[in-house]
Amino acid sequence: MNSSERRMKLILMLQQSNSRIMVDDIAEKFDVSRRTVFRDFNSLSEMNVPVTYDKYNGYGIMRSYKIPPLMFTSKELATIMVGLNFVKSQIDKKLIEDAKGVELKIKEVVPDDLLEFMESLEERTVVDPYLNFGGQKMEGGDWYIISNAISENQSIKCEYRAKSNEEVTNRKIDPYLIVFFRDHWNVIGHSHKRDAVRNFVLDRMSDIQILDENFVPHGKIDVEGLIFRSDESSYKVEVDVQKSALKRFKANLPAKIINKKEIKPNLFRFSFFFDNLRFINEWLLQFPRELKIVGPELLIEKRKKLLKEMMEPTK
């Protein structure tokens, strides 16, 4: 790290420590010489940082001193910009607006050189371009209200528009997680109507209200278990995948792999559970030559029917 980054981290180190710190400890922490540490302290004094010293206990900082709230290195700022650009690429209008608000606040307080760096990254860092430029922006599902309910273990109520028939019903939910699935945000929680864990798409939720009711999760929230859960409605799917497609298949499969074995050179059999055969059938089409469906038989029949429909001329 350069000297500016090191001195900023030194301020944070002194401020967060409950006791004073010796020069040798600082030198070891940053892998620099004692002389460099003394130069850093001289620089901090020139910046009017109230560093204190005790010859028996080392260096500290006045407890009343507060560092500016935004002291970013260029690398940290680049990380923030990638995150903000990801949020701005979403289809949820509210998330996009909130991300732009955060960006404006940061621009108001960073130094001019970092502001120029930030604006350059803003124009030249593109996250998920197909979603960013091609996806229709949606309204609905206030993620902030839901995240507050999650943090306080409070139930929510909302109006929910079903995907199957567009019917709007009142729902009461104990929200556990907010999850991003490829092109939409979901809330995973306990549905009081179904008395079971269900997924709710954010942009299908409206009139969300936090209820004055606390819920108690059944034990520690198992994030992986909630996302990749299976029940009696799930099917065990088996597919054979060519080695050339392994990386892409494993990185994007919307399910948890339960078994993998090499059945012949460069060919692997995967097993996973999935409850929506229509969706997984269409998803697997992105591997037209590298993947073969082994089971269940119902999925194979759906594949044959889908391919036949795709070849039929439009009327």
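**Aromatic clusters and helix packing in a predicted model**

Ring pairs join Phe 249, Phe 270, Trp 283 and Phe 287 into a cluster. The model that shows this cluster is predicted. In total, nine aromatic pairs are counted. One of them is formed by Phe 249 and Phe 287. Their rings meet edge-to-face, with 5.8 Å from centre to centre and 70° between the planes. The pair links distant parts of the chain. Phe 249 belongs to helix α10 (residues 246-252). Phe 287 sits in the loop between α11 (277-283) and β11 (291-295). The two residues are 38 residues apart. Both Phe 249 and Phe 287 are buried.

Phe 274 and Phe 279 form an aromatic pair that is stacked. Here the centres are 5.9 Å apart, and the planes differ by 10°. The two partners can be set side by side by their accessibility. Phe 274 counts as buried because its relative accessibility is 11%, under the cut-off of 20%. Phe 279 has a relative accessibility of 35%, so Phe 279 counts as partly exposed.

The chain as a whole gives the setting. The protein chain contains 12 helices and 11 strands. It has 315 residues, and buried residues make up 36% of them. Contacts between residues at least 6 apart in sequence were also examined. Of these, 60% join residues at least 24 apart.

Helix α2 (residues 23-30) has a buried side. Its buried residues are Val 23, Ile 26, Ala 27 and Phe 30. These residues cover an arc of only 100° around the axis, so they lie on the same side of α2. On the other side of α2, Glu 28 and Lys 29 are exposed. The buried residues of α2 are covered by elements that include α1 (3-16), α3 (34-46) and β2 (58-61). Asp 31 follows α2. The phi of Asp 31 is positive, near 55°.

Two further helices show how packing can be described. Two packed helices are described by the angle between their axes and the distance between the axes. The axes of helix α5 (residues 93-109) and helix α6 (residues 112-124) come within 9 Å. They cross at roughly 150°. This angle is over 145 degrees, and α5 and α6 are therefore roughly antiparallel to each other. On the α5 side, the contact involves Glu 103, Ile 106 and Lys 107. On the α6 side, Leu 115, Met 118, Glu 119 and Glu 122 take part. By class, the contact of α5 with α6 has three nonpolar, no polar and four charged residues.

Glu 103 can be followed further. This residue is found in helix α5. Glu 103 is buried because its relative accessible area is 5%. Its neighbours within four places in sequence can be left aside. Glu 103 is then in contact with Met 81, Leu 84, Lys 88, Met 118 and Glu 122.

Beyond α6 comes a loop residue, Val 126. Val 126 is found in the loop between α6 and α7 (129-134). Its relative accessible area is 45%, so Val 126 is partly exposed. Val 126 and Ser 89 are 37 residues apart in sequence. In space, the C-alpha atoms of Val 126 and Ser 89 are 8.4 Å apart.

How values were computed
Residues are numbered from 1 along each chain as its sequence is written. This is a predicted model: local features need pLDDT of at least 70, side-chain atom pairs count only at pLDDT 80 or more; totals for chains, interfaces and linings use all residues. Side-chain values use heavy atoms; hydrogens and water are left out. Buried means under 20% relative accessible area, exposed over 50%, partly exposed in between (1.4 Å probe, protein chains only). Helices (H or I, at least four residues) and strands (E, at least two) are DSSP runs, numbered from the N terminus. The arc is that of the directions from the helix axis to the C-beta atoms. Contact means heavy atoms within 4.5 Å. Axes are lines fitted to C-alpha atoms, for helices over the stretch in contact, and angles run from 0 to 180 degrees between N-to-C directions. Angles under 35 degrees count as roughly parallel, over 145 as roughly antiparallel, 65 to 115 as roughly perpendicular and the rest as oblique. Ala, Val, Leu, Ile, Met, Phe, Trp, Tyr, Cys and Pro count as nonpolar, Asp, Glu, Lys and Arg as charged, and the others, Gly among them, as polar. Rings of Phe, Tyr and Trp (its six-membered ring) pair if their centres lie within 6.5 Å; planes under 30 degrees apart count as stacked, over 60 as edge-to-face and the rest as tilted.
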